[in-house]
Amino acid sequence: MNKEKSEESCKKLEGSIVKACQVEGCSFNRDSKCHALAITIGDGNHPRCDTFVQEKAEGGIETKTVVGACKVASCGHNKNLICGANFIDVIFRNKHPYCNTFQTKYLLKV
Ligand code: SF4
Ligand code: SF4
């Protein structure tokens, strides 16, 4: 991609919004919302939040959190390791913060 095209697509990209997160034990979580500027999804092949952290201090700021990167290439919303969903929800599943918007590529096409 040339530089002009790349700059044009950057302007269009706003990133997938993290609409809600149930993981109240995370330092970035207050009132069921994430306060990180951006998160990374993907822990190995699992669509887990890799930005999850438990510190004594509160993390983040009042902001609109986006998915900066997603390592789960098997998700139908994933293109070039970027999330293409308009928004995602993070829930607590099997003791892990989990992207509840994950859909396998196959299921998304059906
Ligand atoms: S688990 Fe992830 S999405 Fe949820 S508050 Fe923490 S960093 Fe944000
Ligand atoms: S919806 Fe899919 S591509 Fe988007 S963050 Fe979740 S697992 Fe990644």
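## The β4–β5 hairpin

Start at Ile41, which sits across from Cys49 of strand β5. This is a predicted model, so treat everything here as computed from it. Cys49 also turns up again below, as one of the closest residues to ligand 1.

The two strands here are β4, covering residues 38-43, and β5, covering residues 46-49; they run antiparallel and are held by 2 bridges. Together β4 and β5 make a hairpin with 2 residues between them. Look at Gly44 in that turn: its phi is positive, at about 65°.

## Strands β1, β9 and β10

Next up is β9, residues 87-93, which pairs with two strands. On one side of the pairing list is β1, residues 16-21, running parallel to β9 with 4 bridges joining them. If you want a spot to click on, Val18 has Ile88 of β9 as its bridge partner.

The other partner is β10, residues 96-99, which pairs with β9 in the antiparallel sense, again over 4 bridges. Here Arg93 is bridged to His96 in β10. β9 and β10 form a hairpin too, with 2 residues between the strands, and Asn94 takes a positive phi near 45°.

## The two ligand sites

Ligand 1 has 14 residues around it, and the closest are Cys21, Cys26, Asn29, Cys34 and Cys49. What kinds of residue make up the shell around ligand 1? It's 12 nonpolar and 2 polar, with no charged residues.

Ligand 2 is surrounded by 15 residues, with Cys70, Cys75, Asn78, Cys83 and Cys99 coming nearest. The shell around ligand 2 splits into 11 nonpolar and 4 polar residues, and no charged ones.

Conventions: Residues numbered from 1 in each chain as written. Chains lettered and ligands numbered in written order. Predicted model: local features only at pLDDT ≥ 70, side-chain atom pairs only at ≥ 80, totals over all residues. Near = placed C-beta within 6 Å. Nonpolar A, V, L, I, M, F, W, Y, C, P; charged D, E, K, R; others polar. Pairing = 2+ DSSP bridges.
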